[in-house]
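The exercises below are meant to be worked with the coordinates open. Each task is followed by a solution that proceeds step by step.

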Amino acid sequence: MNSSTTGSTPPDNLTPQQQTMPKVNRLTAGDITASLKAGFSDFLARPVMSGFFGLFYAVFGILFVWALVWLGKIWMIIPAVVGFPLVAPFAAAGLYEMSRRLQNGESFGWRDILTVMADQRKRELGWMAFVTLFIFWVWIYQVRLWLAIILQNASFSDFDGFLNTVFFTPQGWTFLAVGTCIGAVLSGVLFAVTVIAMPMLLDRETNFVSAMLTSLRAVSESPVVMLTWAAIISITMVLSLIPAFIGLIFTLPILGHTTWHLYQRAVD
């Protein structure tokens, strides 16, 4: 007996060519301003819940640095702190969901947001987390490599000694220059493939490769605007790290909410 399917069930032989990539829009400086206002509004709408994600991220950073000191990995403190913001987009997944629900006028509580975050391990966002952590690992590895090449004769018995070597010796200046250049490249690559991909994977049923390609297209469509947004994120995150990571309690949620609204403007 033959049977036929009805409704919206996709055929089994659906090919990638049949899937359409979303349209990306050209952004302006006004889009950043409007997104920042919307992000700040989302933060004020749920300050405790938003601040929780910033607090969690800050506490994790403090514990991470403490663990490096306890393990005697003094040389890793500066590169770890500098590279720590690289994983911020993944940490902001709960903030994206909050903004999505606020935008749609949906009510939600702690359980709703945490459940959505837990469910992401079954979706493509988990692969993006792998990409993020891999680039973070590459960053730490290259720092160790150049540390061995440039500062091979230096001794780091304590953190003060490490700072003195890095900031007050010619070898340390060379190390900072090389590390800054390589770090800028890695940060730029990670920003380009995640700035749109992270909120897009939470918002839509798509694969992480398509999300990364869409993110790259959005950056290439509005390079000046996206570079400006990257600079805002970088400067804000670095300044937030200075007072023992405490500033992240406020800045991470606002930046996370803002990224959601910028994604909404960048992708139809």
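**Exercise 1.** Determine how helix α12 and helix α13 pack against each other in this predicted model, giving the angle, the axis distance and the handedness of the crossing.

*Solution.* Begin by locating the two elements, helix α12 at residues 223-241 and helix α13 at residues 248-266. Their axes lie 9 Å apart and make an angle of about 165 degrees. Since angles over 145 degrees count as roughly antiparallel, α12 and α13 are therefore roughly antiparallel to each other. The last step concerns the sense of the crossing, which for α12 and α13 is left-handed.

**Exercise 2.** List the residues through which α12 and α13 meet, and sort the contact by residue class.

*Solution.* On the side of α12, the residues in question are Met226, Trp229, Ile233, Thr236, Met237, Ser240 and Leu241. Facing them from α13 are Leu248, Thr251, Leu252, Leu255, Thr258, Thr259 and Leu262. Sorted by class, this contact of α12 with α13 comprises nine nonpolar and five polar residues, while charged residues are absent from it.

**Exercise 3.** Is serine 222 buried or exposed, and which residues does serine 222 touch beyond those up to four places away in sequence?

*Solution.* First place the residue: serine 222 belongs to the loop between α11, which spans 208-221, and α12. Next compare its relative accessibility of 4% with the cut-off, and because buried means under 20%, serine 222 counts as buried. Finally, with residues up to four places away in sequence left out, the partners that serine 222 touches are Asn25, Arg26 and Leu27.

**Exercise 4.** Classify the exposure of serine 187, and state how far its C-alpha atom lies from that of isoleucine 135.

*Solution.* Serine 187 is part of helix α9, which covers residues 170-194. Its relative accessible area is 33%, a value between the limits of 20% and 50%, so serine 187 is partly exposed. Although serine 187 and isoleucine 135 are 52 residues apart along the chain, their C-alpha atoms are separated by 8.6 Å.

**Exercise 5.** Summarise the chain as a whole in terms of secondary structure, burial, contacts and exposed area.

*Solution.* Counting elements gives 13 helices and zero strands. Turning to burial, 44% of the 268 residues of the chain count as buried. Among the contacts with a separation of 6 or more, 77% come from residues 24 or more positions apart. The chain exposes about 14600 Å², and carbon and sulfur atoms supply 66% of that area.

Conventions:
Residues numbered from 1 in each chain as written. Predicted model: local features only at pLDDT ≥ 70, side-chain atom pairs only at ≥ 80, totals over all residues. Heavy atoms only, no water. Helix = DSSP H or I, 4+ residues; strand = E, 2+ residues; numbered from the N terminus. Buried < 20%, exposed > 50% of the residue type's maximum accessible area, 1.4 Å probe, protein only. Contact = heavy atoms within 4.5 Å. Areas by Shrake-Rupley, 256 points an atom, 1.4 Å probe, with all protein chains shown as cover. Axes fitted to C-alpha atoms, helices over the stretch in contact; angles between N-to-C directions. Parallel < 35°, antiparallel > 145°, perpendicular 65-115°, else oblique. Left-handed = near helix turned anticlockwise from the far one by under 90°. Nonpolar A, V, L, I, M, F, W, Y, C, P; charged D, E, K, R; others polar.
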